[in-house]
Amino acid sequence: MIFNKLVLAIGLVLALEGCIIALAPTYLEKILKVLLKSTVENRRIIGLFGLAIGTFLIWISEKIM
């Protein structure tokens with residue numbers, strides 16, 4: 001059961017990233033340039049924020065199901 005959810009999560013992440021790259025490659029380049037200009041601390045905060053939102057969404061989905 002856990003392995004199925006892990007595979008599902010990885011698949012969803014890859015599908016989302018693939019959509020972003022396919023539909024808006026120039027916008028992705030702009031985002032990456034902004035990230036390269038930011039400090040390591042800011043990138044870490046952005047990553048932690050994304051991690052927190054993702055964890056919250058997983059928790060919510062578990063509560064609903």
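**Exercise 1. Locate Phe56 and Trp59, then classify their ring pair.**

Step 1. Phe56 and Trp59 are both part of helix H3, which covers residues 40-64. They sit 3 residues apart, about one turn of the helix. The model used here is predicted.

Step 2. Searching the whole structure gives 1 aromatic pair. The ring centres of Phe56 and Trp59 are 6.1 Å apart, and the ring planes meet at 35°, so the pair is tilted. The cut-offs behind this step are a centre distance within 6.5 Å for a pair, and plane angles under 30 degrees for stacked or over 60 for edge-to-face, with the rest tilted.

Step 3. Phe56 has a relative accessibility of 46% and therefore counts as partly exposed. Trp59, at 48%, also counts as partly exposed. The class applies between the limits of 20% and 50%.

**Exercise 2. Decide whether Ser38 is buried or exposed, and find what its side chain reaches.**

Step 1. Ser38 belongs to the loop between helix H2 (25-37) and H3.

Step 2. The relative accessibility of Ser38 is 18%, so this residue counts as buried. Buried means under 20%.

Step 3. From the loop, the Ser38 side chain reaches the backbone oxygen of Leu35 at 2.8 Å.

**Exercise 3. Name the residues of the nonpolar surface patch and give its accessible area. Then place Phe3.**

Step 1. The patch consists of Phe3, Leu6, Val7, Ile10 and Leu14. Together these residues have about 510 Å² of accessible area.

Step 2. Phe3 is in helix H1, residues 2-23.

Step 3. With a relative accessible area of 60%, Phe3 is exposed, because the class requires over 50%.

**Exercise 4. For Ile2 and Met65, state the location, the exposure and one C-alpha distance.**

Step 1. Ile2 lies in helix H1. Met65 lies in the segment after H3.

Step 2. Ile2 has a relative accessible area of 72% and is therefore exposed. Met65 reaches 84% relative accessibility and likewise counts as exposed.

Step 3. From Ile2 to Leu48 the separation is 46 residues in sequence and 23 Å in space, taken C-alpha to C-alpha. For Met65 and Arg43, the C-alpha atoms are 33 Å apart, with their positions 22 residues apart along the chain.

Conventions: Residues numbered from 1 in each chain as written. Predicted model: local features only at pLDDT ≥ 70, side-chain atom pairs only at ≥ 80, totals over all residues. Heavy atoms only, no water. Phe/Tyr/Trp six-rings, centres within 6.5 Å; stacked < 30°, edge-to-face > 60°. Helix = DSSP H or I, 4+ residues; strand = E, 2+ residues; numbered from the N terminus. Buried < 20%, exposed > 50% of the residue type's maximum accessible area, 1.4 Å probe, protein only. Polar contact = N/O pair within 3.5 Å; in protein donor to acceptor, adjacent residues only side chain to side chain. Patch = residues over 30% accessible without salt bridge, like charges linked within 9 Å, V, L, I, M, F, W, Y side chains within 5 Å. Areas by Shrake-Rupley, 256 points an atom, 1.4 Å probe, with all protein chains shown as cover. Salt bridge = Lys/Arg side-chain N within 4 Å of Asp/Glu carboxyl O.
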